[in-house]
Amino acid sequence: MENEQRIDLDASEKSDESVCVRVRTELENNNDTAVELEPNSTAAVQGNSRGRSRGRRGNTNSVTSQKRDGGGRVVSDAWNHFKKVKLGEEVQAICNYCGLVMQGHYSRGTNHLINHAKRCPRRSFKNVQQMHLSFSSKVDGSTSLSNCSSESKWDMATVKLFVARMIVLHELPLAFVEYVGFYDLLKLLQPSIETISRNTIKAEILRLYDVEKKKTMGILEACGSRIAITTDMWTASNQKKGYMVITAHYIDSSWVLRSRIMRFIYVPAPHSAEVMCNELYDCLMDWNIDRKLSSVTADNCAANDSMIALLLGKFSTSSMIMGGQFFHMRCCAHILNLIVRDGLSVIQKGVEKIRDSVHYWTATPARVEKFENAKKQLGIKETKNLVLDCKTRWNSTYLMLSTALLYKNVFDRLKERERNYTSLPSESEWNLSKLMCEYLKSFYKLTELFSGTQYPTSNLFFAKICEIRLSMNAWLQSPIEGIKNMATRMIAKYEKYWDVIHGVLAVGTMLDPRRKMLLINFLFPKIYGERAESEIEKVRKLFVDLVHEYEANHLSNSSVGVNGANSQAAGGGDSNMLDLDLDEMADEWALFRNENTQNTHSKSELEFYLEECTLPSTSQFDILSWWKNNQGKYPILAKIARDFLAIPVSTVASESAFSTGGRHLSPHRSRLHPSTVEALVCTQNWFWLEQNLKDGIPEEAILSAEHLIDESLMSEQQSNEVHDSEFSL
């Protein structure tokens with residue numbers, strides 16, 4: 001710009017008076033004279049009466065914030081940042097920050113001044129302090145708001161971090177940062193706030209994911225016990241893409257059961273055993289837990305069976321428990337589902353009629369109202385609403401049947417008044433359904449037990465599963481042919497999977513100091529009859545072999561330390577070795593002595609544990625706390641307990657992740673990239689676990705609560721979310 005000069009100003013010369021003095025001095029050295037002017041002084045606005053309207057039109061866009069002086073004249077906001085002076089015959093404006101001299105005559109307007117003030121390099125934006133609202137009371141009792149300066153600085157990086165954390169925790173859309181209401185809130189808190197785009201917040205979330213992933217990997221790597229894995233496949237219908245979730249379960253050094261999502265992986269089609277095996281194998285190797293695995297729990301389907309078999313071939317069985325005997329843990333909840341579905345198929349006709357009846361009377365508001373009126377006329381006080389089941393979830397079928405049975409008379413009455421209602425069950429079908437509900441009640445309670453991830457594992461499940469087996473034996477004696485057929489089919493399915501799962505369940509029971517071998521000795525004769533002794537001996541031998549393997553591993557791990565210590569002792573002339581005249585065989589003697597001593601001690605440890613009196617059975621008993629307090633007394637058994645009690649008997653923890661993924665991949669957000677979906681699901685899990693630990697809430701209780709909430713949403717999402725295994729607990 002012509003006639004522009006720059007006068008350097010120090011930080012101490014930014015006041016109005018100091019600016020003028022410095023400018024005056026600089027110009028006097030150049031034989032010029034500077035005269036300070038008020039923005040609307042007479043000299044500054046000569047000819048104002050002649051050009052006022054023209055000046056207003058020229059300044060319309062330049063005045064961002066105006067005020068009036070004492071004479072009622074409008075003063076531009078530009079003069080908050082510039083000082084007007086007269087240099088000879090010219091009126092100039094000098095920047096309060098950098099000293100730049102610009103045209104200040106009214107005819108030039110103030111647009112150029114405001115534009116410079118916005119981009120002035122000497123004007124500081126970084127040190128703007130956040131303004132907080134303070135409340136002050138007036139004389140009349142009312143309250144007013146005023147700003148007060150804060151010592152804290154507004155850090156944009158911190159703002160982005162907390163906004164990203166909020167979006168992850170509460171499953172908000174990425175576009176939330178672009179909502180007008182949210183931006184207005186930020187502007188209220190900090191007027192100079194920068195805008196945040198969805199791409200910026202996505203990058204921040206991915207950065208948070210990387211940080212939290214490293215923390216989680218470090219936690220698992222530092223874990224001193226074995227780690228159990230649950231995995232499952234899920235297809236999001238809004239994307240038509242398949243995802244595999246991998247969840248780690250372990251007991252930490254404080255003897256608290258932990259569960260953390262490791263990966264939520266996009267798996268390209270086809271979802272064959274080889275593809276799933278490679279994804280799972282890569283995950284376990286990347287996280288460096290391949291040598292710490294105890295088991296992999298998965299649903300019962302041919303693809304999963306083949307996947308586990310391929311995975312076993314990739315790992316060395318020497319690092320696994322009992323050579324991989326417990327590596328594949330089948331989901332007990334899925335097994336239970338298969339057993340009950342086989343039984344329900346016997347009375348499928350009656351179930352279908354009840355399902356059609358419930359669907360008919362809940363289809364429209366008019367029919368619901370008619371059903372309620374009929375219920376009032378019959379004086380039925382029940383308040384439960386009819387609920388339609390999901391065909392792939394037997395427990396929802398149980399709830400549908402048990403609720404419909406409460407309103408049997410209502411259905412009968414409505415049949416007389418509604419000609420279009422043609423699916424009323426017969427009396428025999430109602431009676432059979434009632435018997436089925438009574439028989440399936442124990443199955444339903446066990447399903448609820450499986451659904452709670454706050455329970456360690458098999459120490460609670462063994463007795464319940466044996467109880468169900470005894471119930472099915474009793475159903476075989478029923479005089480009703482349908483019940484006998486149902487029991488026969490269910491027992492056949494039960495026997496198919498019992499030998500696969502009872503090993504882990506039995507070990508868990510023996511590690512329960514309230515039961516030990518007593519519960520097995522009590523239940524097996526009722527289940528096996530004459531074969532009970534041989535089956536009890538199999539379980540006992542399994543447990544003894546397991547203890548011996550852990551003893552051997554313990555000795556092999558300690559032998560390095562023994563050899564090192566004795567080598568050092570031999571070099572230093574240990575008097576104990578000299579007394580035994582075994583200097584040349586010191587290492588061999590130390591190892592032999594250690595093995596024989598440890599064998600005697602470990603054998604006594606197992607025998608002492610089994611012979612010690614069992615504890616009283618109480619519902620408040622905490623098995624993990626008991627082992628924590630007794631690990632010094634039973635070191636080998638405590639290590640076994642820490643590894644085995646972390647093995648989940650169902651894939652509920654992984655199923656909960658699918659509900660979270662389904663909420664992220666809603667019809668309105670179906671274009672999220674798979675890497676973004678994984679970052680959102682995994683980071684949310686890690687954040688909530690960290691938050692709940694701060695609040696003193698156990699991780700397992702939160703996971704269980706989340707699953708119970710997700711239960712109510714699963715039926716609504718059934719049409720949009722399809723499990724490869726066709727089962728969702």
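Proline 270 lies in the loop between strand S12 (257–267) and H7. In this predicted model, the peptide bond that leads from alanine 269 to proline 270 is cis, with omega near 0°. The briefing below covers backbone geometry, helix packing, aromatic pairs, charges over rings and cysteines.

**Backbone geometry**

- Methionine 322 is not a glycine, yet its phi is positive, at about 50°.
- Methionine 322 is placed in the loop between H8 and strand S14 (328–330).
- The relative accessibility of methionine 322 is 18%, and the residue therefore counts as buried, the limit for that class being under 20%.
- Lysine 516, likewise a residue other than glycine, has a positive phi near 50°.
- The loop that holds lysine 516 runs between helix H16 (481–510) and helix H17 (518–528).
- With a relative accessible area of 2%, lysine 516 is buried.

**Helix packing**

- Two packed helices are described by the angle between their axes and the distance between the axes.
- Helix H7 (residues 273–286) and helix H8 (residues 302–314) have axes that come within 8 Å and cross at roughly 45°.
- This crossing angle makes H7 oblique to H8.
- The handedness of the crossing of H7 and H8 is right-handed.
- H7 also borders the loop of proline 270, and H8 borders the loop of methionine 322.

**Aromatic pairs**

- The model contains 28 aromatic pairs, counted with ring centres within 6.5 Å.
- One of these pairs is formed by phenylalanine 371 and tyrosine 407, which are edge-to-face, with 5.7 Å from centre to centre and 85° between the planes.
- Phenylalanine 371 belongs to helix H11 (residues 365–377), whereas tyrosine 407 is in the loop between helix H12 (394–406) and helix H13 (408–417), so the pair ties together parts that are 36 residues apart in sequence.
- Phenylalanine 371 and tyrosine 407 are both buried.
- Tryptophan 626 and tyrosine 634 have ring centres 6.3 Å apart and planes at 20°, and the pair is therefore stacked, since planes under 30 degrees apart count as such.
- Tryptophan 626 is buried, as is tyrosine 634.
- One aromatic cluster consists of Phe462, Tyr494, Trp498, Phe524 and Tyr528.
- Within that cluster, Tyr494 and Trp498 fall in the residue range of helix H16 (481–510), and Phe524 and Tyr528 fall in that of helix H17 (518–528).
- The loop between H16 and H17 is the one that holds lysine 516.

**Charges over rings**

- Arginine 165 places its charged end over the ring of phenylalanine 687, at 5.4 Å from the ring centre.
- Arginine 367 lies over the face of tyrosine 360, and the distance to the ring centre is 3.8 Å.
- Arginine 367 falls in the residue range of helix H11 (residues 365–377), the helix that also holds phenylalanine 371.

**Cysteines**

- The number of disulfides in the structure is zero.
- Cysteine 283 is in no disulfide, and the nearest cysteine sulfur, which belongs to cysteine 682, is 9.1 Å away; a disulfide would require the sulfur atoms to be within 2.5 Å.
- Cysteine 283 has a relative accessible area of 0% and is therefore buried.
- The position of cysteine 283 falls in the residue range of helix H7 (residues 273–286).
- Cysteine 390 is also buried, with a relative accessible area of 8%.

Notes: Residues numbered from 1 in each chain as written. Predicted model: local features only at pLDDT ≥ 70, side-chain atom pairs only at ≥ 80, totals over all residues. Heavy atoms only, no water. Phe/Tyr/Trp six-rings, centres within 6.5 Å; stacked < 30°, edge-to-face > 60°. Helix = DSSP H or I, 4+ residues; strand = E, 2+ residues; numbered from the N terminus. Buried < 20%, exposed > 50% of the residue type's maximum accessible area, 1.4 Å probe, protein only. Lys NZ or Arg CZ within 6 Å of the ring centre and 35° of its normal. Axes fitted to C-alpha atoms, helices over the stretch in contact; angles between N-to-C directions. Parallel < 35°, antiparallel > 145°, perpendicular 65-115°, else oblique. Left-handed = near helix turned anticlockwise from the far one by under 90°.
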